[in-house]
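Colleague: I should like to go through the enclosed spaces of this model with you, and to ask how each statement is justified.

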Amino acid sequence: MRKPKVVILSPPLTAVSGFSTHANLLLASGLSQTYELLHFCAGSEGRVENRLQKLARLVSSPFALLRFGLRQRPDIVHINTGLDHKAYWRDLSYLAMAKLLRIKVVNQIHGGPTPAQFFPHSAALTWLLRRVLESSDAVSVLSREEYKAYAAFAPDILLARIPNAIDPSDLLGPIAAPEPGRPLRLVYIGRLVREKGLFEALDAIASLRRAGRRLQLDIAGGGAARQELQARSAELGLSDSVTFHGPVFGAEKNALWRAADALVFPSYSEGLPYSLLEAMAAGTPAITCAVGAVPDVMQHGVHGLFVPPRDADAVAAAIAALDDDRALLERMAHAARDRVLEHYTLNRLAQDFGNLYEAVLRHKK
């Protein structure tokens, strides 16, 4: 008896992208025991293109999915998207092609504004968004707040809340108690863009250094703001406190997580970041903002500390609090790991999507 086929849409699997990470995790999960999992490249991350090449890809990619669907005859197309305008209009074409082939669609939304706020000045486009969601056979979101918003916006859709998850096996070394007196070791691993709050983090480090604190910050990743961040670090006189590593993977990335005392990640907006889950699994509590699904994962004072977005003084105060209370930092490290191992592992992710795929295949629409 043949397994049902599911084609997962994401950027190239080698791209440094949350969507690609998610696709790789699904493909490596226990879902493959029940479903034949296929991958289709969609999105710009990980590609080197000029404008003409990008335009050609955007025009041809939906028809490539049409050909792929005719050849493979999948039972489900699993679209990974975010509620931003670029992704919405691009992925609308994939939804149309899947529906043309009478293939069921799981539309997984990785963060963004609420649907009622997406087109704030257009009733017509808001109506179209509702029709897009209703034409999907299921919609999956990451957080409790998103679930409430989507249920209110389109009450007739088959809606699921499925948080992201990780394979924590390579992050589970011993959690060492942070020794009193040594410099606090901070880390950030991810895209280097302004919206991640890294400029506020640098300003916080600089103010704490002026107050006499000894701190080390490792920043790993690539992105549009890398040169500007390096210039800002030099301007603040942080060359001996802040190290830029570039993109890191595998053992090198895991070593940074395990060596750190805290993740500094005051991001302005998020879905459910893999960097947070990886850090917590490694026993690295986070200083972050209560955005997206982050409040579902961690509790202030238990697994880490929340700060307001765009507030360097609050970031500095949070770092100082952890620097002064190493016992609290150690308790948070163990609580953060326990939280991920209990609720955010790959087995749970496979079970949740297996249940959703089964419901979609049973549902007559």
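Modeller: In this predicted model, the second largest cavity is lined by Leu-9, Ser-10, Pro-11, Phe-19, Ala-42, Ile-79, Asn-80, Arg-90 and Asp-91. Strand 1 (5-10), strand 3 and helix 3 each give two or more residues to that lining.

Colleague: What makes Leu-9 a lining residue of the second largest cavity?

Modeller: A lining residue has an atom within 4 Å of a cavity point. Leu-9 belongs to the lining of the second largest cavity, and therefore has such an atom.

Colleague: Why are Arg-90 and Asp-91 in this lining called charged?

Modeller: Arg and Asp both count as charged, so Arg-90 and Asp-91 fall into that class. The lining divides into five nonpolar, two polar and two charged residues.

Colleague: Why is the space of about 40 Å³ called a cavity?

Modeller: It is called a cavity because a 1.4 Å probe fits there but cannot get out. The structure holds two cavities of 30 Å³ or more.

Colleague: How much space lies in the largest cavity, and which residues are closest to its centre?

Modeller: About 110 Å³ of space lies in the largest cavity. Of its 14 lining residues, Thr-81, Tyr-88, Asp-91, Asn-107 and Val-132 are the closest to the centre.

Colleague: Which element gives the most to the lining of the largest cavity?

Modeller: Helix 3 does, with five residues. Strand 3 (76-81), helix 3 (85-100), strand 4 (104-109) and helix 5 (123-135) each supply at least two. By class, this lining has ten nonpolar, three polar and one charged residues.

Key
Residues numbered from 1 in each chain as written. Predicted model: local features only at pLDDT ≥ 70, side-chain atom pairs only at ≥ 80, totals over all residues. Heavy atoms only, no water. 1 Å grid on protein atoms, 1.4 Å probe; cavity = no way out; pocket = protein on both sides within 12 Å on 5 of 7 lines; lining within 4 Å. Points joined across faces, edges and corners; volume = space filled by probe spheres on them. Helix = DSSP H or I, 4+ residues; strand = E, 2+ residues; numbered from the N terminus.
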